[in-house]
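User: I'm new to this one and would like a walk through it. Could you show me the structure, and then I'll ask away?

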Amino acid sequence: MFELTLQALFSGLLAGGYYATVAVGLALVFGTMRVINLAHGELVLLAAYVAYAAETNYGVNPVMAIPVALVIVGSASAIVYALLSRIRQDREINSLILTFGLGIILTNAILSIWKADIHSTSDPWFQDSLVVADTLFAMNAEVASFVGGLVLMAGVWWWLNHSWQGRAVRALSSNRAAATLMGVNPRKIEILSFLIAALLATFAGFAIYTGKTVFPALGHVLTVKAFIITVLAGMGSIPGVLIGAVMIGVIESLTVTYLSASLQELAGMILFLVVLFVSPSGLFGGGRALAR
Amino acid sequence: MTRTLANLVTVSALALSAALGAGTAQAKDFLLGSELPLTGSLARVGQGMHEGISVAVEMANRNYAGRHSFKVQTIDDETSPAKGVAAVEKLAGDGVVAITGGYGSNIIGPASEAAQKAGLVYITSGGVSPELTQRGYPTFFRINNTDGYALAMIGMLQEMGAKKVSIVYLNKDATSSLAKQVNSALTAKGVTVGMHEFDGSTSDFKPLMNKVKLQDRPDVIAMVGYENDYVGILRAAKVLKPQVKAVVGVWSLATAQMAKEFPDLMETVYGTSMLPYPVEFTQPEAVEFAATYKKLFNKDPDYLGQFGYVQTRLLIDAVVRADEAGTLAKGGLPDELRKTDANTLIGRVTFDRNGDNLNFTHRMGQHQGGKVVLVWPKDAANGTMNFPAVPW
């Protein structure tokens, strides 16, 4: 029983790190623009497919494909921003419709180019097991993605708190009009946020390609999961995303271990509803939560 | 004399034109409908079946050349039951003679109900849930079923002499039915069975596999799900290394695609398979099917294409028979399909009054060195079982 619990907690922690990596880009964009980018999961998926194409066609290790994926996902993200910035009225609701549509276009583009087969890296190192104290088991890919994701999130958090652009992002998130009056260029900061989100999406895509399987319909699933975690965290809170994601990962993992794997999504949703019932603005919510 | 000759020419010309005219009147163009998941989570299997349907239509146009021609109108149901119903209604409105396709029992159920309401035959191989045929719809036909898959898996497990089996299964209609059927049969034979249900959203199977390893301690792990699930389960098993003798699954597992995409993960894993890989065909129809498939899609056929082909070929033959008997326009197609008794690429097919093919039995293949070798039953085997063996 003790071994089962330890493994459940360990698996839940790693799963939480993976969820957080996917969700943090969505939270960042929401924090700066008050826009829920419903194409975020598809951008993650695009990065995963670029890694797949690089590995299959050119024999490149998925790690080496990250810069190429970053350029492609960054360009796609810039296009999403360019289209979003043309919305003049009811930006919050219209942006939902626009990004949902862009997500469908991206999914179908991926389906047309790479077909519907499932894919994952063929590099055996990523699937090799890593055993801690003869009790905790994981794949190398999971641990590498967890550590990489933590480093990236810590970097984003540091950037938000200690760099001029980061402070500008927070200022824009806090009070757009006042930040503009203080000399912050909203367009530059918003596009910067989108590009940082693209970087996070690229890493998440790499993590999924090496540790899970990818297929065209996955993007929507990722977006929904990221959205739930973003709301649970408190819209726009970066540290909240990590804590919320780990909570979801652990509760799902414990549910699989002690109840049934078919109830894990339900358990995650119950946790989500309980948190919102107790704290309607999420774990680290409040109007403008970025970087808290 | 001249007049007689003129009359003869005139009569001959009239007779010839009548004969030609009659011939032209008999040749017909038939429009078939197809409702399939070409996008969404079942896109992979939907596209596989679509390829088989296309091969059947291509071959029918060749075999019935000069007599009849066939076209297929395909609508993507986007892996959504509601869109499956809308697709069937649209196809009915467009005047198709029957529908071939469908994947996923939860989509086929409402879609075939819409076909029943429209008076259209709906033939499929994409949903094995027993409830589909238990409805008793006269227009519903299916060439495979849970029983066929269950018999193959149970037969294989018995041959292995498994005493303890853990069944890890997806909580959908078809997968649950199959898992429960295998559980009942094995339990009745004195085998200890552990049942582990999971949701389609599960991507990390380590907690579940750890339960299997530490609590069940089985001889064999049996998986009932889809490609994604198999990869997740096998990866978790590879990390945790439970002490088992074999890993067995069902559909979408012992395939060329899985052998190519996940060679290390698949080695020694068993799954249902009608075909070995590389494909070996000997029957003339099978050889023609494989050649046509290769020509159209530039790859070897897989089981999805094979099933899609068989169901469509049987449908086309029944359409022609009903047309020739003059009953097609009078709703005679279901009766004509029920008269089917054909040896096909998946074995003998006949339909009972609920439209089920009770002859259906599957075979088991094992991944061996990048190939899929048929290992069960013995009379269909083209190699020997590598047992005990696991991919780690």
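Analyst: One term before we start: two strands pair if DSSP finds at least two bridges between them. Also keep in mind that this is a predicted model.

User: With that term in hand, which residue stands opposite Thr344(B) in S12(B)?
Analyst: Strand S11 (residues 341-344) of chain B and strand S12 (residues 347-350) of chain B pair in the antiparallel sense, with four bridges. A hairpin of two residues links S11(B) to S12(B). Opposite Thr344(B) in S12(B) stands Gly347(B).

User: And in S14(B), what is the bridge partner of Gly365(B)?
Analyst: Strand S13 (residues 364-368) of chain B and S14(B) run antiparallel and are joined by five bridges. They form a hairpin with two residues between them, and Gly369(B) in that turn has a positive phi of about 55°. In S14(B), Gly365(B) has as its bridge partner Leu374(B).

User: How many of the six residues of strand S14 (residues 371-376) of chain B are buried?
Analyst: To count as buried, a residue needs 20 or more other C-beta atoms within 10 Å of its own. By that test strand S14 of chain B is mostly covered, and the number of its six residues that are buried is five.

User: Let's zoom out. What share of the residues in chain B is buried?
Analyst: Chain B has 14 helices and 14 strands. Its C-alpha atoms fill a box of roughly 105 × 40 × 35 Å along the principal axes. Among contacts in chain B with a separation of 6 or more, 69% link residues 24 or more positions apart. Of its 392 residues, the buried share is 55%.

User: How far apart are the C-alpha centres of domain 1 and domain 2 of chain B?
Analyst: The domain assignment gives chain B a domain 1 (25-145 + 281-350) and a domain 2 (147-279 + 363-380). Their contact takes 19 residues from domain 1 of chain B and 18 residues from domain 2 of chain B. Between the C-alpha centres of these two domains, the distance is 29 Å.

User: On the side of domain 1 of chain B that touches domain 2 of chain B, how many residues are nonpolar?
Analyst: The elements giving two or more residues to that side are helix H2 (43-63), helix H4 (105-117), helix H5 (130-134) and helix H13 (303-324) of chain B. By class, the side of domain 1 of chain B that touches domain 2 of chain B has four charged residues, seven polar ones and, for the nonpolar class, eight.

User: What span should H4(B) have, going by its number of residues?
Analyst: Several residues in H4(B) are buried, including Ile107(B), Ile108(B), Ala111(B) and Ala115(B). Just after H4(B), Gly119(B) takes a positive phi of about 75°. H4(B) has 13 residues at 1.5 Å a residue, and its end C-alpha atoms are 18 Å apart, which agrees with the expected 18 Å.

User: Is Tyr149(B) buried or exposed?
Analyst: Tyr149(B) is found in helix H6 (residues 146-160) of chain B. Leaving aside neighbours within four places in sequence, Tyr149(B) is in contact with Val128(B), Leu178(B), Val250(B), Trp251(B), Thr272(B) and His362(B). Because there are 23 C-beta neighbours inside 10 Å, Tyr149(B) counts as buried.

User: Does UniProt have anything on chain B, and if so, which domain does it list for residues 36-361 of chain B?
Analyst: Over residues 36-361 of chain B, the chain is 49% helix and 16% strand, with the end C-alpha atoms 24 Å apart. For that stretch, the unreviewed UniProt entry lists "domain: Leucine-binding protein".

User: Now chain A. How far apart are the end C-alpha atoms over residues 6-28 of chain A?
Analyst: An unreviewed UniProt entry places the feature "transmembrane region" at several stretches of chain A, among them residues 6-28 and 96-116. Over residues 96-116 of chain A the chain is 90% helix, and the end C-alpha atoms are 26 Å apart. Over residues 6-28 of chain A the chain is 100% helix, and the distance between the end C-alpha atoms is 32 Å.

User: Last one: which element gives the largest share of the side of chain A that touches chain B?
Analyst: In all, 33 residues of chain A are in contact with 31 residues of chain B. The side of chain A that touches chain B has 16 nonpolar, 13 polar and four charged residues. Its largest share, six residues, comes from H1(A).

Key: Residues numbered from 1 in each chain as written. Chains lettered and ligands numbered in written order. Predicted model: local features only at pLDDT ≥ 70, side-chain atom pairs only at ≥ 80, totals over all residues. UniProt positions renumbered as here; feature names shortened; annotations may be inferred. Domains from an automatic or database assignment. Contact = placed C-beta atoms within 7 Å. Nonpolar A, V, L, I, M, F, W, Y, C, P; charged D, E, K, R; others polar. Expected span 1.5 Å × (residues − 1). Buried ≥ 20, exposed ≤ 12 C-beta atoms within 10 Å, placed from the backbone.
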